[in-house]
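I opened my notebook to look a few things up in this structure. Come along and check each entry against the view.

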Amino acid sequence: MSELEEAVPLFDAADGRALAEAALRSITASTSRARGDDFLRILVRDLAHALDVTYVIAGRVITLDDGDEGIRTLAVWAGQDYLPNMEYSLRHTPCQDVTDQCMCFHASGIQADYPEDTLLVDMKAESYIGMPMIDTEGKTLGILSAIDTKPISEDKRLLALSLLSIFAARCAAELQHQEREQQLEAKVQRRTEALLAAQATLVEQEKMVALGTLVAGVAHEVNTPIGVAVTAASTMTSYAEDLFKCVSGERVSRSELLVTVQRLREGAQLIERNLARAADLIGNFKQLAVDQGSQHESEVRLREHALSVVSAHGPELRKVGITVEVDIAADLRTRLDTGRWSQVLSNLLMNAAKHGYPDGGPGKVTLAAHMALEGGAYWLLLEFADDGIGLTQEVRERLFEPFFTTKRGQGGSGLGMHIVYTIVHQMGGQVAVAPSAPGTGCRLRLRLPVRSAKP
């Protein structure tokens with residue numbers, strides 16, 4: 001219990017000033033560390049005790065659903081406890097006069113003065129003192145009012161006006177601070193949403209750039225076997241004409257026939273091998289494109305899937321002299337989201353090609369995976385390693401940050417490894433940089449939960 005609750009509220013003019021100062025000190029002390037709703041609740045309680053009134057209300061001016069101005073209470077003290085907050089119209093109430101930025105005082109007969117205010121009847125109000133909360137721009141933010149079920153004496157009026165005027169100003173400052181916080185939070189929210197939208201757009205752009213690079217590489221790679229097949233087909237046409245001349249002549253040389261047939265056979269085999277190579281490249285690219293566009297789980301043969309991703313990226317990897325060793329058992333399979341898993345492997349390979357060997361290869365990338373039983377569940381453990389230039393301490397610490405890149409201004413977006421991190425965590429796993437000495441390459445360890453694993 002505060003000293004105000006223990007103090008005798010009735011006083012004469014001689015000690016009125018001393019009591020006002022004591023009340024001011026006590027309320028200031030009790031509310032000094034409070035903010036927001038806590039401040040308002042403590043304030044209305046202590047003001048009611050200091051003024052010896054039944055009700056003290058702190059409320060904010062609002063616009064009601066019907067368009068009229070009203071009050072939404074922020075804290076209401078009612079003699080022994082707090083009342084639930086409520087909303088009411090300002091029409092035909094003394095609070096309406098207060099919101100016009102004038103002090104409102106009714107020593108008695110408040111119900112008769114405002115006969116249409118049913119709330120006063122419910123409160124059995126007899127007297128009323130109200131003070132507006134005015135912000136630094138002169139706008140009325142709310143009201144602070146004291147209401148009692150008995151008349152208010154002239155001496156108590158002076159004390160009430162002093163305390164209400166002081167703390168109405170403090171309440172206005174608190175409400176203005178809350179408004180500014182809400183505006184700042186809304187601004188931060190809008191900017192956060194805009195940043196997330198921009199980041200999502202950049203991620204999609206990064207995927208499109210990666211896909212474009214892949215398409216260009218595969219197209220270039222496919223041109224070679226198709227070009228060989230076209231050349232061989234043209235040569236076979238010439239051999240066929242030689243064969244026709246040979247068998248159309250008066251004399252047929254067995255040796256010439258055998259040589260021509262052998263050439264035709266070699267040409268056909270050359271065409272077959274190169275078209276098969278082109279078909280494999282197109283098939284791997286098609287599978288990778290379909291995988292990255294899908295978002296469903298299916299059973300995956302991990303080695304076969306990894307080899308198809310490596311094959312699809314073959315042109316880019318060979319361009320920088322990188323070979324890839326896939327150390328995964330042929331019978332290792334599990335259920336995974338193949339689309340997202342393909343994206344992870346693609347980004348790892350392209351990150352190694354772009355950053356691991358800035359001066360070109362030769363280089364070697366190793367992709368190893370196995371299942372491990374931990375805590376009664378199977379996990380896919382994958383290690384991705386290259387023998388490139390490795391990572392500095394700064395790059396190691398910031399590798400998965402969005403937009404962090406060592407190729408700024410050289411086409412690097414800084415999203416490749418962030419996408420890996422995001423996808424792996426979306427799949428319920430973890431990814432981390434494994435310890436390695438400077439200049440000894442980069443090693444990444446991934447850990448993914450799997451279902452229906454068959455190690």
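## Entry 1: a salt bridge between strands

I started with Arg443 and Glu383, whose side chains meet in a salt bridge, with N and O 3.2 Å apart. I kept in mind that this is a predicted model. Next I looked up where the two residues sit. Arg443 belongs to strand 13 (residues 442-449) and Glu383 to strand 11 (residues 377-386), so the pair ties together parts that are 60 residues apart in sequence. Arg443 is partly exposed, at 25% relative accessible area. Glu383 is partly exposed too, at 27%. I also found that Glu383 and Arg443 are linked with Arg445 in a network of salt bridges. I noted the background idea here: side chains of opposite charge can pair when their charged atoms come close.

## Entry 2: strand 13 and its partners

Which side chains of strand 13 point to the buried face? I found Cys442, Leu444, Leu446 and Leu448 there. Arg443, Arg445, Arg447 and Pro449 point to the other face and are not buried, so the side chains alternate along the strand.

Then I looked for the strands that pair with strand 13. Strand 11 runs antiparallel to strand 13, and 8 bridges join them. Within that pairing, Leu380 has Leu448 as its bridge partner. Strand 12 (residues 430-433) also pairs with strand 13 in the antiparallel sense, over 4 bridges. Here Val433 stands opposite Leu444.

## Entry 3: more salt bridges

How many salt bridges does a search of the whole structure find? The search gives 11. One that I looked up joins Arg333 to Glu299, with the closest N and O atoms 3.6 Å apart. This pair links distant parts of the chain, since Arg333 is in strand 9 (residues 333-337) and Glu299 is in strand 7 (residues 297-301), 34 residues apart. Arg333 is partly exposed at 22% relative accessibility, and Glu299 is partly exposed at 42%.

I looked up Asp337 and Arg340 as well. Their side chains meet in a salt bridge, 3.0 Å from N to O. Is Asp337 buried or exposed? Asp337 is buried, with a relative accessible area of 6%, whereas Arg340 is partly exposed at 27%.

## Entry 4: cysteines

I searched for disulfides and the structure holds 0. Cys95 is in no disulfide, and the nearest cysteine sulfur, that of Cys104, is 8.1 Å away. A disulfide needs the two sulfur atoms within 2.5 Å, so I could see why this pair does not count. Cys95 is buried, with a relative accessible area of 6%. Cys104 is buried as well, at 5% relative accessibility.

## Entry 5: helix 9

Helix 9 (residues 302-312) was next on my list. I found 8 of its 11 residues buried, so the helix is largely enclosed by the rest of the structure. The buried residues are Leu302, His305, Ala306, Ser308, Val309, Val310, Ser311 and Ala312.

## Entry 6: a nonpolar patch

To finish, I turned to the surface. Which residues make a nonpolar patch there? I found Ile226, Val230 and Leu275, making a patch of about 250 Å². Leu275 lies in helix 8 (residues 254-293). Leu275 counts as partly exposed, because its relative accessibility is 43%.

Terms used. Residues are numbered from 1 along each chain as its sequence is written. This is a predicted model: local features need pLDDT of at least 70, side-chain atom pairs count only at pLDDT 80 or more; totals for chains, interfaces and linings use all residues. Side-chain values use heavy atoms; hydrogens and water are left out. Patches are made of residues with over 30% relative accessible area and no salt bridge: like charges are joined within 9 Å, nonpolar side chains (Val, Leu, Ile, Met, Phe, Trp, Tyr) within 5 Å. Accessible areas come from the Shrake-Rupley method with a 1.4 Å probe; for residues, only the protein chains shown count as cover. A salt bridge is a side-chain nitrogen of Lys or Arg within 4 Å of a carboxyl oxygen of Asp or Glu. Helices (H or I, at least four residues) and strands (E, at least two) are DSSP runs, numbered from the N terminus. Buried means under 20% relative accessible area, exposed over 50%, partly exposed in between (1.4 Å probe, protein chains only). Two strands pair if DSSP finds at least two bridges between them.
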